[in-house]
Amino acid sequence: QVQLVESGGGLVQAGGSLRLSCAASGSIVRINAMGWYRQAPGKQRELVAAITSGGSINYADSVRGRFTISRDNAKNSVYLQMNSLKPEDTAVYYCNADKIYYMAWEYLEVWGQGTLVTVSS
């Protein structure tokens, strides 16, 4: 069983910072891209940031310059440093791995359970 476990959400005032962590566990051969998505109440889930196994990064325009995604391949982990938080960043944040290979040619897309980030004004 392969799973992603997130941590680090919580309540913070506008202008503050939070760091989210996500670790993959189970029988893992390798992981392709990992990323963070978020879903605010009444809105669709959207990509926040993603990073490939080689280190290529993509950010949503709304977070570029404020959020930083990083990855530790040895630990099968991905992180999201969120600075200068705004009330509109309030959402449930989900970790995603688009392809976790548990055998040489077999893979799964896996989502974490989500962690709530609340930014007060």
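Is Arg-66 buried or exposed? In this predicted model, where local features need pLDDT of at least 70, side-chain atom pairs count only at pLDDT 80 or more, and totals for chains, interfaces and linings use all residues, Arg-66 turns out to be buried, with a relative accessible area of 12%. Here buried means under 20% relative accessible area, exposed means over 50%, and partly exposed is in between, with a 1.4 Å probe and protein chains only. Residues are numbered from 1 along each chain as its sequence is written, and side-chain values use heavy atoms, with hydrogens and water left out.

Arg-66 sits in the loop between strand E7 (57-59) and strand E8 (67-72). Strands (E, at least two residues) and helices (H or I, at least four) are DSSP runs, numbered from the N terminus. Setting aside neighbours within four places in sequence, Arg-66 is in contact with Gln-81, Met-82, Asn-83, Ser-84, Leu-85, Lys-86 and Asp-89; contact means heavy atoms within 4.5 Å. With Asp-89 there is also a side-chain polar contact of 2.8 Å. A polar contact is a pair of N or O atoms within 3.5 Å; within protein, one must be able to donate a hydrogen and the other to accept it, and residues adjacent in sequence count only if both atoms are side-chain atoms.

The Arg-66 and Asp-89 side chains meet in a salt bridge too, at 2.8 Å from N to O. Asp-89 lies in the loop between E9 and E10 and Arg-66 in the loop between E7 and E8, so the pair ties together parts that are 23 residues apart in sequence. A salt bridge is taken as a side-chain nitrogen of Lys or Arg within 4 Å of a carboxyl oxygen of Asp or Glu, and the structure holds 4 of them.

Asp-89 has a second partner in Arg-38, with the closest N and O atoms 2.9 Å apart in that salt bridge. This pair links distant parts of the chain, 51 residues apart: Arg-38 is in strand E5 (residues 34-39), and Asp-89 is in the loop between strand E9 (77-82) and strand E10 (91-101). Arg-38 counts as buried at 7% relative accessibility, and Asp-89 counts as buried at 0%. Add Glu-46 and there is a network of salt bridges linking Arg-38, Glu-46, Arg-66 and Asp-89.

Another salt bridge joins Asp-61 and Arg-64, whose closest N and O atoms are 2.6 Å apart. Asp-61 counts as exposed at 65% relative accessibility, while Arg-64 is partly exposed at 45%.

Now for the strands. Four of them make an open sheet in the order E1-E3-E9-E8, with antiparallel pairing; two strands pair if DSSP finds at least two bridges between them. Strand E1 (3-7) and E8 are the edge strands, each pairing on one side only. On average, neighbouring strands of this sheet are turned by 15° against each other, direction ignored; axes are lines fitted to C-alpha atoms, for helices over the stretch in contact, and angles run from 0 to 180 degrees between N-to-C directions. E1 pairs with strand E3 (residues 18-25) in the antiparallel sense over 5 bridges, and Leu-4 stands opposite Ala-24 in E3.

Ser-21 lies in strand E3 as well and is partly exposed, with a relative accessible area of 21%. Beyond residues within four places in sequence, Ser-21 is in contact with Val-5, Glu-6, Ser-7, Trp-36, Val-78 and Tyr-79.

What about the greasy part? In soluble globular proteins, nonpolar side chains tend to be buried together. The largest nonpolar core here has 31 residues, and those with the most contacts inside it are Leu-4, Trp-36, Leu-80, Met-82 and Tyr-93. Such a core is a set of buried Ala, Val, Leu, Ile, Met, Phe, Trp, Tyr and Cys residues joined through side-chain atoms within 4.5 Å. At least two residues of this core come from each of E3, E5, strand E6 (46-51), E8, E9, E10 and strand E12 (115-120), with the largest share, 5 residues, coming from E10.

Among the residues that Leu-4 touches, not counting those up to four places away in sequence, are Cys-22, Ala-24, Met-34, Cys-95 and Trp-111. Trp-111 has its place in strand E11 (residues 107-111) and counts as partly exposed at 34% relative accessibility. The C-alpha atoms of Trp-111 and Ala-50 are separated by 13 Å, with their positions 61 residues apart along the chain.
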